[in-house]
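I opened my notebook for a friendly look around one protein chain. Here is what I looked up, entry by entry.

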Amino acid sequence: MPARPPLTARRLRIAVELRKMRERSGMTATEAARTLGTSQGQLSTVESGRFGVRPERIRSLAGIYSCPDPGFVEALV
């Protein structure tokens, strides 16, 4: 089993902000994962910061959550 990459402050910040966006949108993790076309478990790994997330996925999640601040989304990217 490959070692888990170390948790970085950047990855943790992205994870926290993505979870906040989802919660503000009123979506459950299961609903968000289904909309994104992934599993709830995979979304959980992103929201916990266990693994990094690609810029395209950040933008996709922000779109699903209807984030009103494109500058904020780009700062996360």
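**Entry: a loop late in the chain**

I began with S66, which sits in the loop between α4 (55–64) and α5 (70–76). This is a predicted model, so I kept in mind that local features need pLDDT of at least 70. I looked up the backbone angle and found phi of S66 near 55°, a positive value in a residue other than glycine. I made a note of that, because most residues other than glycine have a negative phi. Is S66 buried or exposed? S66 has 57% relative accessibility, so it counts as exposed.

C67 is found in the loop between α4 and α5 too. At 22% relative accessibility, C67 counts as partly exposed, because buried means under 20%. What does C67 touch, once I skip residues up to four places away in sequence? I found M21, A62, F72 and V73. I also checked C67 against L12: they are 55 residues apart in sequence, and their C-alpha atoms lie 19 Å apart in space.

**Entry: the whole chain**

Next I stepped back to count elements. The protein chain has five helices and zero strands, and from the N terminus the order reads α-α-α-α-α. The radius of gyration is 12 Å, close to the 11 Å that the globule rule gives for 77 residues, so the chain is as compact as a globular protein of that length. I then looked up the extent of the C-alpha trace, which spans about 35 × 25 × 20 Å along its principal axes.

How much of the chain is buried? Buried residues are 32% of the 77 residues. The chain exposes about 4,800 Å², and carbon and sulfur atoms supply 55% of that area. For contacts between residues at least 6 apart in sequence, I noted that 60% join residues at least 24 apart. On charges, I wrote down 13 positive and 7 negative side chains, with the centres of the two sets 7 Å apart.

**Entry: the nonpolar core**

Which residues touch the most other members of the largest nonpolar core? The core has 17 residues, and the ones I was after are L18, L43, I58 and Y65. The elements giving two or more residues to this core are α1 (9–25), α2 (29–36), α3 (40–48), α4 and α5. The largest share, four residues, comes from α2.

I picked Y65 for a second look. Leaving aside neighbours within four places in sequence, Y65 is in contact with L18, M21, R22, S25, M27, A32, L43 and E47. I was pleased to see L18 and L43 in that list, since I had just met both as core residues.

**Entry: helix α3 and what follows**

L43 and E47 turned up again when I looked up the buried residues of α3, which are L43, T45, V46 and E47. What covers them? The cover includes α1, α2 and α4.

After α3 comes G49, with a positive phi near 80°. G49 lies in the loop between α3 and α4. With 1% relative accessibility, G49 counts as buried. Which residues does G49 contact, apart from its neighbours within four places in sequence? I found L7, R11 and A15. G49 and R11 are 38 residues apart in sequence, yet their C-alpha atoms are 5.5 Å apart in space.

I set the two loop residues side by side: G49 is buried, whereas S66 is exposed.

**Entry: two helix residues**

First on my list was E17, placed in helix α1. Is E17 buried or exposed? Its relative accessibility is 9%, so E17 counts as buried. Not counting residues up to four places away in sequence, E17 touches F72 and L76. F72 was a familiar name, as C67 touches F72 as well.

Then I turned to T30, which lies in helix α2. T30 has 40% relative accessibility and so counts as partly exposed. Last, I looked up the C-alpha distance from T30 to S44: 9.5 Å in space, for residues 14 apart in sequence.

Conventions
Residues are numbered from 1 along each chain as its sequence is written. Side-chain values use heavy atoms; hydrogens and water are left out. The radius of gyration is taken over C-alpha atoms; the globule rule is 2.2 Å times the number of residues to the power 0.38. Buried means under 20% relative accessible area, exposed over 50%, partly exposed in between (1.4 Å probe, protein chains only). Contact means heavy atoms within 4.5 Å. Accessible areas come from the Shrake-Rupley method with a 1.4 Å probe; for residues, only the protein chains shown count as cover. Lys and Arg count as positive and Asp and Glu as negative; His and the chain ends are not counted. The place of a charge is taken as NZ of Lys, CZ of Arg, CG of Asp or CD of Glu. A nonpolar core is a set of buried Ala, Val, Leu, Ile, Met, Phe, Trp, Tyr and Cys residues joined through side-chain atoms within 4.5 Å.
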